[in-house]
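Work through the exercises below with the sequence and the 3D structure at hand, and try each task before you read its solution.

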Amino acid sequence: MSTGASAPAAPEAAASPAAPTPSAPVAAAPEAPARRWADEVLYFVVLDRFADGDAANNLKVDKKAPGAFHGGDFKGLREQLDELSSLGVTALWITPVVKNIDGFVSGAGFPDWGYHGYWADDFHQLDPRFGTEQELKALVDACHQRGIRVLLDVVYNHPGYLSRYLQAPETKGWLRSEEKGTCGQDDLTSCVSGLPDFKTEQPEVAKYLLDAQIAWGKRSGVDGFRLDTVKHVDHPFWQEHRRRTREELGKDFFLLGEVWGGDRESLDPWFSNDEMDAGFDFGFQGNALAWALGRGRTVAFDSYLRSRHKVRKGYHLSHFLSSHDVPGLLFQLKGDKARFRLAAALQLTTSGIPVIYYGEEVGRPGGDWPANRSDMPWGERAVQPGAGLPRDESLRELYRKLISIRRAHPALSRGSHKGLATEGEVYTFLRHDAESGDAVVVAVNRSDKKASASFPWPEAWSGADAEDLLDGGRLTAAPTVEVTVEPLSVRILGRAR
């Protein structure tokens, strides 16, 4: 949803209405890698908070203010792509890039600008604080050269507070707003967080928004959209959106939707109508947190993970530990990195498209809003705005290993799930991909004492030894596997090569 504070006061100044002028077309981007989306590892960046590559576009930047722009831009992200590729991520999701309102809102208790990109003021212009269209295109091209796909965050439900669309004669009838007292009470007509609500059910409005965002898709060469506030726009709009993106952006153009609070069952209406390819499973964070803290039975957590495999065939769930809209997991764990490591291992060894929220892999503390949108930590590197912020390189190395293992083993991204030991403190499960024959066993010990688990030698390993994919070491083939797991640790086992 990504809107920040609820019901803020009016902006300092509203932009004057002006007819948008579409930019000239730019050549198509190089083709993205032909991988299955089920196998992707997605990295999510709040553009303004990642890396500042061009100080010349830093308008009203104040790094000390939680609601101000901090200077991150396209050029900075492109210059730091080694951070992503060396980690092993295969896809990048960036926050919206269109021109946002110029003023601030004060309902948060402090001045809050549209640094996050979700308060649009002109869907036909890029926000100059992020850079130029050429720099956006260069970022996408550089990602593709590294084998990284790109998802662009797009918003159809609302513009920003007191946006020019509320004032321009040709568009002011397109919106419901609190100022006019026309907001409804249901999902489709309410004004989310007090933001003006586009009447997307009106053909003229829908066409304008679709034309604008699809044009950005064409000119930038991105591989898909992350769709904001999906349940606040009606199904006919999303069906037309799917038709047009396939027709104009390619049959494989990927759509990942945010249905607030979504899970396998609540997302199904959008899957059954083929309106998007994937949706966020908001339940993963809470389930992983509860299990890591010892609050729930292991068998219940296993049941939840098995239920995720019931998602409609051909569609995907995407799961996260932290995001820009909820308190991060490390914060909820009160900084307990040992248990956070367990959660990270579970995220990267279970089904769905995992989302790594920028900086959580190096221990960015995050917090509740707005601390969950703090600057990317760069340690000793002179990269603004997060230069000097501490990084946990050992945690990053764990992420790098986990991602490498996931990418090497299709069982972890698209295999079946079978609980092997689901009672007690050591949770052991088998992931098996029948197509490739790959099989991986994961054993996670949430207790502060050494523990063990035993299970039958997997059929897929028949005739071969097994190896510890995370820490090294070999297990000799036997009828039964006996695994010892150190306190608050994980072991990941696969067929020896």
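Three exercises follow, each with a worked solution.

The model is predicted, so that local features need pLDDT of at least 70 and side-chain atom pairs count only at pLDDT 80 or more, while totals for chains, interfaces and linings use all residues. Residues are numbered from 1 along each chain as its sequence is written, and side-chain values use heavy atoms, with hydrogens and water left out.

**Exercise 1. Two helices**

Task: Determine how the axes of helix α3 and helix α4 cross, and which residues meet there.

Solution: Begin by locating α3 at residues 133-145 and α4 at residues 203-220; helices here are DSSP runs (H or I, at least four residues), and strands are runs of E with at least two, numbered from the N terminus. The two axes, which are lines fitted to C-alpha atoms over the stretch in contact, come within 9 Å and cross at roughly 60°. Angles between N-to-C directions run from 0 to 180 degrees, and under 35 counts as roughly parallel, over 145 as roughly antiparallel, 65 to 115 as roughly perpendicular and the rest as oblique. The helices α3 and α4 are therefore oblique to each other.

Next, look for contacts, meaning heavy atoms within 4.5 Å: Glu133, Leu136, Lys137 and Val140 of α3 meet Trp216, Arg219 and Ser220 of α4.

**Exercise 2. The nonpolar core**

Task: Find which residues have the most contacts inside the largest nonpolar core, and which element gives the largest share of this core.

Solution: A nonpolar core is a set of buried Ala, Val, Leu, Ile, Met, Phe, Trp, Tyr and Cys residues joined through side-chain atoms within 4.5 Å, where buried means under 20% relative accessible area, exposed over 50%, and partly exposed in between (1.4 Å probe, protein chains only). The largest core has 132 residues, and Tyr43, Phe50 and Phe225 have the most contacts inside it. Its largest share, eight residues, comes from α4. Apart from this core lies another, of 17 residues, including Trp457 and Leu475.

**Exercise 3. Backbone details**

Task: Describe the peptide bonds that lead into Pro370 and Pro385, and the phi of Ser193.

Solution: The bond from Trp369 to Pro370 is cis, with omega near 5°, and the bond from Gln384 to Pro385 is also cis, with omega near 5°. Pro370 lies in the loop between β12 (353-357) and α11 (393-408), and Pro385 is placed in the loop between β12 and α11.

Turning to Ser193, its phi is near 55°, a positive value in a residue other than glycine, and at 22% relative accessibility Ser193 counts as partly exposed.
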